[in-house]
Structure formats: C-alpha cells, structure tokens
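Please read the following note with the sequence and the model side by side. The points go from the whole chain to single residues.

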Amino acid sequence: MEENKFFKFVWRFNAIIFMVAGILAIGVLFFAGYQIIKDITRERTPRNIVNVSEEQTVDEKWTLGHLKSVDGTPIIMIPLNSDQSYARAFRPR
C-alpha cells in the first residue's frame, strides 16, 4: 500500500489542532475553577447598609459633599452623606 504524503500531513495537522484545542480547554477550565473558588472564599463586606436597630449606640456623622451643577439649569446640588459607626456582629437566624 502506497502512503500519500498529503494525507500524512493532514493527519499530523489535525493532531496538532486537537492538542492545542485540548490545552486551551484545560486552561479555561482551570481559570474558571480558580475564579469560582476565589469568589466562594472571598471576604464579603456589606456596603450601603443603614443600621436601624434601637438597641445599639450608633455614632453617626453627617457631611456635605462637593458642589455639583445640573447640566442645562442654574441649579447646584450639594449631596448629604451619612457615615455610621457601630458594633458589627452577625447573628444567624
């Protein structure tokens, strides 16, 4: 049986393509696994939460923000910011 050089080249080219695709797939799986594990184990810090409990002493500080002009109008806005400090605790239900 006679071997054809073209088909041998195609066979080797396909092997290289499958190898590269497999390596890329393994890399994507490792990256996705790393991102999932990093997201699961990260420390979560809640933001924009206001303490409404009357049991705790809340140290609240109000400040005025920077002036902002409203486009197309002569109106100027000044934001009012609240910063609360209180004992942070987690009570599971």
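1. What percentage of the 93 residues of the protein chain count as buried? The answer is 2%, where buried means under 20% relative accessible area, exposed over 50% and partly exposed in between, with a 1.4 Å probe and protein chains only. This is a predicted model, in which local features need pLDDT of at least 70 and side-chain atom pairs count only at pLDDT 80 or more, while totals for chains, interfaces and linings use all residues. Residues are numbered from 1 along each chain as its sequence is written, and side-chain values use heavy atoms, with hydrogens and water left out.

2. The protein chain has one helix and four strands, in the order α-β-β-β-β from the N terminus; helices (H or I, at least four residues) and strands (E, at least two) are DSSP runs.

3. Helix α1 covers residues 5-41, and its end C-alpha atoms lie 54 Å apart, which agrees with the 54 Å expected for 37 residues at 1.5 Å a residue, the expected span being 1.5 Å times one less than the number of residues.

4. Arg42 forms a salt bridge with Asp39, with the closest N and O atoms 3.1 Å apart; the term requires a side-chain nitrogen of Lys or Arg within 4 Å of a carboxyl oxygen of Asp or Glu. The structure holds one salt bridge. Arg42 counts as partly exposed because its relative accessibility is 43%, and Asp39 counts as partly exposed at 40%.

5. Strand β1 (residues 59-64) has zero buried residues among its six. Strands β1 and β4 (residues 80-85) run antiparallel and are joined by six bridges, and Leu64 has Leu80 as its bridge partner in β4; strands pair if DSSP finds at least two bridges between them.
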